[in-house]
Amino acid sequence: MRRHNEAAALAAQRAVHARAYAEQRQVDAERMASQIQIKALESPRDQTSFPRLEFLDPYFLAGTPPTTLLDALAGCVAEVLDVPRCDAQQACPANGGLQLVAHRGMSAPFLTYFALVADRSTACGQAAESGCAVWVHDVRTSSLFTDGSRQAVLDAQSRAVLSLPLGQPGGPVLGVLSLHHRSPGLLAHVDTALLGALTRAAGRALQWHASRPPVVQNRRASAPLQQKPPTRTPSELPPPSVTSAVTAKRRPTSPL
């Protein structure tokens, strides 16, 4: 009887060890798969050109949710590129429009008017539709806008606009970044090499997050999910803040 009990205990111990070994192998495999997937967010050329720009860090791009990522992108544009007025929109698959999720320096009426853009009567709408950059040198004389959208932009004291689509080449447009200036044509000072690195990184990250499966709650977790904070309107977006993602080293300019 004693030998039987000892054999049963040994078998149980071996089963526990085998289970632990299998679980560890699964964890190792998942970690390796994650590292391989995160490598898709790397851009050796851009990271070499701007080694101090933390926004290009693939682990930052992978670990930051899309809306927070777009807010960090707006912060980089304001702080690093010295463009104090910009906005970032995320594509909304439910209605095919663009939802304004982040900004720096834009007025409350502007944020309300462009909270959701669902047509092409704006620079951002054109950029989303065409997948190409749209540069409006003078909003007042441009034929791109409708009377309503033109007046909303002019009321925000924006005369020049540069809208850039965010996404991977050949893929869907997942967002749009727009830069604004108070005077016609005065966005020529922008470091296009740095701006290109930022928009390419954002496009890679948005595509990476869009291709990831939804997170499923662990049934064994003992702690309940935290309550989701209430949705805020664009006019209630937080004021500009400087984050670590905006540290960069300037390089000579080159075309996007």
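A residue counts as buried here when its relative accessible area is under 20%. By that yardstick, 39% of the 256 residues in this predicted model are buried. The chain still shows plenty to the outside: about 15,000 Å² is exposed, and carbon and sulfur atoms supply 55% of that area.

On to the overall layout. The chain has eight helices and six strands. Walking along the sequence, the order reads α-α-α-α-β-β-α-β-α-β-α-β-β-α. As for how distant parts of the sequence meet, take the contacts between residues at least 6 apart: 61% of these join residues at least 24 apart.

Now for a look at strand β2, which covers residues 97-104. Seven of its eight residues are buried, so the strand is mostly covered, given that buried means under 20% relative accessible area. In a regular strand, side chains take turns pointing to one face of the sheet and then the other.

Strand β2 has a partner in β1, residues 86-92, and the two run antiparallel, joined by seven bridges. One of the facing pairs puts C92 opposite G97 of β2. Together β1 and β2 make a hairpin, with four residues between the strands. Within that turn sits G96, whose phi is positive at about 75°.

Strand β2 also pairs with β3, a strand made of residues 116-117. This pairing is antiparallel too, and two bridges hold the record of it. Here Q99 has L116 of β3 as its bridge partner. Strand β2 therefore pairs with both β1 and β3, where pairing takes at least two bridges between strands.

Conventions
Residues numbered from 1 in each chain as written. Predicted model: local features only at pLDDT ≥ 70, side-chain atom pairs only at ≥ 80, totals over all residues. Heavy atoms only, no water. Buried < 20%, exposed > 50% of the residue type's maximum accessible area, 1.4 Å probe, protein only. Contact = heavy atoms within 4.5 Å. Areas by Shrake-Rupley, 256 points an atom, 1.4 Å probe, with all protein chains shown as cover.
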